Amino acid sequence: MENPPARLILASASPRRAALLREAGLDFEIRPSQAGEPPFAGGDVAEYVESLARRKAASVPGDLVLGADTVVALDGEVLGKPADLDEAAAMLRRLSGRRHQVLTGVALRDGMAIRWGHARSEVTFRTLEPAEILRYVATGEPMDKAGAYAIQGGAAAFVEGVVGDRDTVIGLPMALVRRLLAVSHPV
């Protein structure tokens, strides 16, 4: 008799990641990772975001654990989650009128094996007025978002264009997730 497939565990409290998994029809359980996120010390941003995803996947008990992390990169610098409203406003001023990259690292731990990768998208913001930055920051939405914005939220109005997968910007590139899951549990 064959063992039933392991239930997928999402090592994240992100409602956006959970929504993407639900939209994909996946059955999963949420067990947020408590793994710390060391600051970016320079080097390859893709390697950094993949290492964060691996840390999260490795830190949560379970047989099939999905970890992810998203960062915004501008001029070789990583813009993580803002520490306060002032930092959120400063990040948005830097992104105003510019193109930046959003990278999401994903790691899937299946038993003792772990596979990972990342996806990258480019987002272009229109030039933002100081008052609209302050209005957006006052909503509180930027506070737990990489780069201080949510493309699927109020910041959608800031976006002139996206090159790449929008799911990457939201925080979970579903094409990559499907590839990792297919290796673990082929249909």
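Lys 145 sits in the loop that runs between α4 (130–138) and β7 (159–163) of this predicted model. Being in a loop doesn't leave Lys 145 out in the open: its relative accessibility is 11%, so the residue counts as buried, the cut-off for that label being under 20%. As for partners, a polar atom of the Lys 145 side chain comes to 2.9 Å from the backbone oxygen of Glu 141. Once neighbours within four places in sequence are set aside, the contacts of Lys 145 are Arg 16, Gly 80, Lys 81, Pro 82 and Ala 150.

Two of those contact residues turn up again elsewhere. Lys 81, in contact with Lys 145, shows up in the largest pocket, which holds about 670 Å³ of space. The pocket is lined by 36 residues, and the ones closest to its centre are Glu 37, Asp 69, Thr 70, Lys 81 and Asp 144. Two or more lining residues come from each of α1 (15–23), α2 (45–59), β3 (64–74), β4 (77–79) and α5 (166–170). β3 chips in the largest share, with 5 residues. By type, the lining splits into 20 nonpolar, 7 polar and 9 charged residues.

Arg 16, the other one, belongs to α1, where it is buried along with Arg 17, Ala 18, Leu 20 and Leu 21. Arg 16 also takes part in the cap at the N-terminal end of α1: a side-chain oxygen of Ser 14 lies 3.2 Å from the Arg 16 backbone nitrogen. Past the other end, Gly 25 comes just after α1 and has a positive phi of about 80°.

That leaves α4, the helix before the Lys 145 loop. Its buried residues are Glu 132, Ile 133, Tyr 136 and Val 137. Because these cover an arc of only 135° around the axis, they end up on the same side of α4. What does this buried set pack against? The buried residues of α4 pack against α3 (85–95). Turned away from that buried side is a face with the exposed residues Pro 130, Leu 134, Arg 135 and Ala 138. After α4 comes Gly 140, and here too there's a positive phi, near 85°. Glu 141, whose backbone oxygen lies 2.9 Å from a polar side-chain atom of Lys 145, brings the description back to where it began.

Terms used
Residues numbered from 1 in each chain as written. Predicted model: local features only at pLDDT ≥ 70, side-chain atom pairs only at ≥ 80, totals over all residues. Heavy atoms only, no water. Helix = DSSP H or I, 4+ residues; strand = E, 2+ residues; numbered from the N terminus. Buried < 20%, exposed > 50% of the residue type's maximum accessible area, 1.4 Å probe, protein only. Polar contact = N/O pair within 3.5 Å; in protein donor to acceptor, adjacent residues only side chain to side chain. Contact = heavy atoms within 4.5 Å. 1 Å grid on protein atoms, 1.4 Å probe; cavity = no way out; pocket = protein on both sides within 12 Å on 5 of 7 lines; lining within 4 Å. Points joined across faces, edges and corners; volume = space filled by probe spheres on them. Nonpolar A, V, L, I, M, F, W, Y, C, P; charged D, E, K, R; others polar. Arc of directions from axis to C-beta.
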